[in-house]
Amino acid sequence: FDPPSPCAAPPDLASGVTLAHVLHKIDSSWFDETWLGQIRDDAEGNARLKVNNLRKVLQSVLEYWQDVSGGPAGVPALG
């Protein structure tokens with residue numbers, strides 16, 4: 001997926017930036033440049049920005065799940 005920064009360990013995903021870029025690669029019409037611009041890439045070391053980024057990613061994935069994939073509203077069952 002060619003993320004903007006290397007991911008060598010799970011904590012590298014904690015800012016939400018890499019996840020956002022991967023989602024943009026998966027479906028750039030849904031996770032478009034405007035959406036991607038809402039994800040702060042300067043969140044390293046700032047827990048509040050990381051949480052905000054991850055909240056935006058989660059909300060958008062849930063909307064995508066419901067609107068595009070036709071899944072039920074809310075968090076999909078895992079497993």
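Leu 36 is found in helix 2, where helices (H or I, at least four residues) and strands (E, at least two) are DSSP runs, numbered from the N terminus. Leu 36 is buried, at a relative accessible area of 11%. For that term, buried means under 20% relative accessible area, exposed over 50%, and partly exposed in between, with a 1.4 Å probe and protein chains only.

Before I go on, a word on the source. This is a predicted model, in which local features need pLDDT of at least 70, side-chain atom pairs count only at pLDDT 80 or more, and totals for chains, interfaces and linings use all residues. Residues are numbered from 1 along each chain as its sequence is written, and side-chain values use heavy atoms, with hydrogens and water left out.

Back to Leu 36. What does Leu 36 contact, once neighbours within four places in sequence are left aside? The partners are Ala 20, His 21 and His 24, with contact meaning heavy atoms within 4.5 Å. Take His 21 from that list: 15 residues separate His 21 from Leu 36 in sequence, and their C-alpha atoms are 7.2 Å apart in space.

That brings me to helix 1, residues 17–26. Its buried residues are Val 17, Thr 18, Ala 20, Leu 23 and His 24. Ala 20 and His 24 also appear among the contacts of Leu 36. Which helices do the buried residues of helix 1 pack against? They pack against helix 2 (33–37) and helix 3 (47–67).

Thr 18, in helix 1, counts as buried because its relative accessibility is 5%. Not counting residues up to four places away in sequence, Thr 18 touches Pro 3, Ser 5, Cys 7, Asp 12 and Leu 13.

One of those partners, Ser 5, sits in the segment before helix 1. Ser 5 is partly exposed, with 33% relative accessible area. Ser 5 and Glu 44 are 39 residues apart in sequence, and 12 Å apart from C-alpha to C-alpha.

Next, charges. There are 6 positive and 10 negative side chains in the protein, and the centres of the two sets lie 10 Å apart. Lys and Arg count as positive and Asp and Glu as negative, while His and the chain ends are not counted. Each charge is placed at NZ of Lys, CZ of Arg, CG of Asp or CD of Glu.

How many salt bridges does the rule give? The count is one, a salt bridge being a side-chain nitrogen of Lys or Arg within 4 Å of a carboxyl oxygen of Asp or Glu. Its side chains are those of Arg 40 and Asp 42, at 2.9 Å from N to O. Arg 40 is partly exposed, at 39% relative accessible area, and Asp 42 is partly exposed too, at 43%.

Last, the whole chain. The protein has three helices and zero strands, in the order α-α-α. Of its 79 residues, 24% count as buried. Among contacts with a separation of 6 or more, 39% are between residues 24 or more positions apart. The C-alpha atoms fill a box of roughly 35 × 25 × 20 Å along the principal axes. The radius of gyration is 13 Å, which agrees with the value near 12 Å for a compact globule of 79 residues. That radius is taken over C-alpha atoms, and the globule rule is 2.2 Å times the number of residues to the power 0.38.
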